[in-house]
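Visitor: Please take a close look at the side-chain contacts in this model, namely those between charged groups and those that involve aromatic rings. I should also like to know how these contacts are placed within the chain.

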Amino acid sequence: MTERTMPLSDVRVVELGQLLAGPFCGQLLGDFGAEVIKLEDPRKGDPMRQWGREKPYGKSLWWPVVARNKKSVTCDLRTPEGQDLVRELVKHSDVLLENFRPGTLERWNLAPEQLWEINPRLVVTRVTGYGQSGPYAQRAGFGSIGEAMGGIRYVTGSADEAPSRAGISLGDSLAAIHATLGTLVALHERDRSGRGQVVDAAIYESVLAMMESMLPEWQLAGYQRERTGPVLPNVAPSNVYPTKGGESVLIAANQDTVFGRLAAVMNRPEFTADARFATHSARGEYMAEIDALIAEWTADQDPDELLEALHQGGVPAGRIYRAKDMFADPHFAARDAIVNVDDPDLGEIAMQNVFPKLSATPGQVRSTGPALGSNNDDIYRGLLGLRDDEISRLRAAGVI
């Protein structure tokens, strides 16, 4: 598939902002063919160019992923000339994506209402900690704070420890995914109405959207979810169990029919007639007892043989993967879940492939994160038609 035939090949995105919540949205759009023009500070670029623990050759391993399929253009947005360049780009674009604190675009005379005077079809996607309105809108908002306010931090971890976090930037990523969804919906609506609109994606609300029935549980039943470690209350069996050699496996057999299959694999068919284990509700009440029986059964078994028996018996089960396990797994390989991409500085670099998979018009990783300003000529001279003397003047003034 060529770049022109990808599903979003007719969409041009101007990406402002930095770090992760906004740029991950840009990455997702670019994965499916959108032309993403990323504007960066001409002095140092996006801080993601330096983020990450491991830096072979002094290069971030985060940047090639989050900036893949994008074009890098330098532009000092704090200058009137830089703001003029944004207005020129907006004339030729479908989406403006930003993750500044609310009011920043307005301070630069780039408010949505002003941009719509230039291009009424423009979709303005705004990613923030707390949203564009409300009493907290002007607070500094990071993903971790959104995770805490949205509820996921409180229920993550063990009951006897402080609220924990996932080892990834979960709040930022969830906000970016919802921002991507909102952008695509707004583009679809624009095709009908001819008008763009604002997509307001807040980190805390993106986390809140994932919190299942937490709100009505409190409102109607007075039930407060608490931290429960590797299990969910009243959902059993669904836990991590020991095997021979110290490796753990995860078994999830909480549905009645699946529990019957597990009992058969364990050669304990009587479990399905035991009043403590016969129904989902009963197993929830006696989850400690059923977990202890399963752990006693798994503890002296080889993990490979155990998992094979469970898979053959139709019981959901698996290992808890690390990166090295993913590289070795044949299912990852068969579905091309990991893709190798050539990078001019790092050589061949592996990263997660585009998802979700489309049968007719799939996405594609076409390039890794670009060098700072590597597409200045392509955009300023080619798209905007600036003359050489104009580009030289802007470069000398530090605008680009």
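Guide: The account below begins with the chain as a whole, turns to the contacts, and ends with one sheet and one helix.

The model is predicted, so local features are reported only at pLDDT of at least 70 and side-chain atom pairs only at pLDDT 80 or more, whereas totals for chains, interfaces and linings use all residues. Residues are numbered from 1 along each chain as its sequence is written, and side-chain values use heavy atoms, with hydrogens and water left out.

The C-alpha trace of the chain extends over about 85 × 50 × 40 Å along its principal axes. Two domains are assigned: domain 1 comprises 12-210 + 335-397, and domain 2 comprises 238-321; these bounds come from an automatic or database domain assignment. Their C-alpha centres are separated by 43 Å. The chain contains 17 helices and 11 strands, taken as DSSP runs numbered from the N terminus (helices: H or I, at least four residues; strands: E, at least two). Of its 400 residues, 44% are buried; the term buried denotes under 20% relative accessible area, exposed over 50%, and partly exposed the range in between (1.4 Å probe, protein chains only). A contact is a pair of heavy atoms within 4.5 Å. Among contacts between residues at least 6 apart in sequence, 68% connect residues at least 24 apart.

The charged contacts come next. The structure contains 30 salt bridges, each defined by a side-chain nitrogen of Lys or Arg within 4 Å of a carboxyl oxygen of Asp or Glu. One of them joins K38 to D46, with an N to O distance of 2.9 Å. K38 is buried at 2% relative accessibility, and D46 is buried with a relative accessible area of 3%.

A further salt bridge connects E106 and R126, whose closest N and O atoms are 3.0 Å apart. Because E106 belongs to helix α4 (residues 104-107) and R126 to strand β5 (residues 123-128), this pair ties together parts that are 20 residues apart in sequence. E106 is partly exposed, at 32% relative accessible area, whereas R126 is buried, at 3%.

R283 and D256 also form a salt bridge, and their closest N and O atoms are 2.8 Å apart. This pair links distant parts of the chain, 27 residues apart: R283 is in helix α11 (residues 280-285) and D256 in helix α10 (residues 256-265). R283 is buried at 0% relative accessibility, while D256 is partly exposed with a relative accessible area of 39%. Salt bridges also link R12, E35, K71 and D378 in a network.

The aromatic contacts follow. Rings of Phe, Tyr and Trp (its six-membered ring) pair if their centres lie within 6.5 Å; planes under 30 degrees apart count as stacked, over 60 as edge-to-face and the rest as tilted. Six aromatic pairs are found in the whole structure. In one of them, the ring centres of Y130 and Y136 are 6.0 Å apart and the planes meet at 80°, so the pair is edge-to-face. Y130 is buried, with a relative accessible area of 10%, whereas Y136 is partly exposed at 35% relative accessibility. Both tyrosines belong to one aromatic cluster with Y204.

Y136 has a charged neighbour as well: the charged end of R139 sits over its ring, 3.7 Å from the centre. Here a charge sits over a ring if NZ of Lys or CZ of Arg is within 6 Å of the ring centre and within 35 degrees of the ring normal. The charged end of R227 likewise sits over the ring of Y154, 5.2 Å from its centre.

Two backbone elements complete the account. Strands β7-β8-β9, in that order, make an open sheet with antiparallel pairing. The edges are occupied by β7 (238-242) and β9 (317-318), each with a single partner strand, so each has one side without a neighbour in the sheet. Pairing requires at least two bridges found by DSSP between two strands; β7 and β8 (residues 248-252) are joined by five bridges. S238 faces A252 in β8.

Helix α1 (residues 21-31) is largely enclosed by the rest of the structure, because 11 of its 11 residues are buried. Among them are F24, C25, L28 and L29. Just after α1, G33 adopts a positive phi of about 105°.
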